[in-house]
Amino acid sequence: MYQQMIFVNLATNDVDASKKFFTELGYTINPQFSTDDCACVVISDTIIAMLLSKQRYADFTKKEIADSTKTSETLLCLSAESREKVDELVDKAIAAGGTGNEDAVDHGYMYGRSFDDLDGHSWEVMWMDPAAVQG
């Protein structure tokens, strides 16, 4: 069965630093689609983050590139299999140089935390009780 994929393209100030950051979170870099000005970060079988130097990113848009440390250009949300996995990933991100955002959101059936990566892109990590999803 076909699984639709998402390729999230993000501008970065330092491709090598971003590679290091995301590998410290436990993700891998696909060298086949990575160059000096682009890192292909494999988050899952269906989620890929393309971290592009600002020069390379500009090849794909005529719009001004947002300074993600000052403006919000997107909110990215990843699911986690448990509350503990939410904390584990966000804690790894902070230890790797990311910045923690706000307090945890805890609704009992849903728990989440967030962080900004080295370039200020906002990532949320969320767990939801499977029983709540089934309704």
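Colleague: To begin with Trp123, does this residue count as buried or exposed?

Modeller: Trp123 counts as buried, at 3% relative accessibility. Please keep in mind throughout that this is a predicted model. The label follows from a cut-off, because a residue under 20% relative accessible area is called buried, and one over 50% is called exposed.

Colleague: I should next like to understand the aromatic rings. How many aromatic pairs does the structure hold?

Modeller: The general idea is to look at the distance between two ring centres and then at the angle between the ring planes. In this structure there are 4 aromatic pairs. One of them joins Phe21 and Phe115, whose centres are 6.3 Å apart and whose planes meet at 55 degrees, a tilted arrangement. This pair connects distant parts of the chain, as Phe21 belongs to helix α1 (residues 15-24) and Phe115 to strand β7 (residues 110-116), 94 residues apart.

Colleague: Are Phe21 and Phe115 buried or exposed?

Modeller: Phe21 is buried, with a relative accessible area of 1%. Phe115 is also buried, its value being 2%. Phe115 takes part in a further pair, with Trp123: here the arrangement is stacked, with 6.5 Å from centre to centre and 10 degrees between the planes. The tilted and stacked labels differ because planes under 30 degrees apart count as stacked, whereas those over 60 count as edge-to-face and the rest as tilted.

Colleague: Which residues do ring pairs link into a cluster?

Modeller: The cluster consists of Phe21, Phe22, Phe115 and Trp123, joined through ring pairs.

Colleague: How does one read the nonpolar core, and which residues of the largest one touch the most other members?

Modeller: One follows the contacts between buried nonpolar side chains from residue to residue. The largest core here has 25 residues, and those touching the most other members are Phe22, Leu25, Tyr27, Phe115 and Trp123. Several elements each supply at least two residues of this core, among them β1 (6-12), α1, β3 (38-42), β4 (47-53) and β5 (75-79), as well as β7 and β8. Helix α3 (83-95) is also among these suppliers, and α3 gives the most, with 4 residues.

Colleague: Let us turn to charged side chains. How many salt bridges does the structure hold?

Modeller: Side chains of opposite charge can pair when their charged atoms come close. This structure holds 8 salt bridges. One of them lies between Asp67 and Lys70, where the closest N and O atoms are 4.0 Å apart. Asp67 is partly exposed at 32% relative accessibility, whereas Lys70 is exposed, with a relative accessible area of 71%.

Colleague: Which residues are linked in a network of salt bridges?

Modeller: The network links Lys85, Glu88 and Lys92. Glu88 meets Lys85 at 3.6 Å, N to O, and Glu88 also forms a salt bridge with Lys92, with 3.7 Å between the closest N and O atoms.

Colleague: What is the spacing of Glu88 and Lys85 in helix α3?

Modeller: Glu88 and Lys85 are separated by about one helical turn, because they are 3 residues apart in helix α3. Lys92 and Glu88 also lie in this helix, 4 residues apart, again about one turn. As for accessibility, Lys85 is partly exposed at 35%, Glu88 is partly exposed at 37% and Lys92 is partly exposed at 32%.

Colleague: A charge may also sit over a ring. Which residue lies over the face of Tyr111?

Modeller: Arg83 lies there, at 4.4 Å from the ring centre.

Colleague: Finally, I should like to consider the surface. Which residues form a nonpolar patch?

Modeller: Tyr109, Met128 and Val133 form such a patch, with about 280 Å² of accessible area together. Met128 is placed in strand β8 (residues 122-128) and is partly exposed, with a relative accessible area of 34%.

Colleague: Where does Pro130 lie?

Modeller: Pro130 is found in helix α4 (residues 130-134), and it is exposed, at a relative accessible area of 51%. Pro130 and Phe115 are 15 residues apart along the chain, and their C-alpha atoms are separated by 24 Å.

Note on methods
Residues numbered from 1 in each chain as written. Predicted model: local features only at pLDDT ≥ 70, side-chain atom pairs only at ≥ 80, totals over all residues. Heavy atoms only, no water. Patch = residues over 30% accessible without salt bridge, like charges linked within 9 Å, V, L, I, M, F, W, Y side chains within 5 Å. Areas by Shrake-Rupley, 256 points an atom, 1.4 Å probe, with all protein chains shown as cover. Buried < 20%, exposed > 50% of the residue type's maximum accessible area, 1.4 Å probe, protein only. Phe/Tyr/Trp six-rings, centres within 6.5 Å; stacked < 30°, edge-to-face > 60°. Lys NZ or Arg CZ within 6 Å of the ring centre and 35° of its normal. Core = buried A, V, L, I, M, F, W, Y, C linked by side-chain atoms within 4.5 Å.
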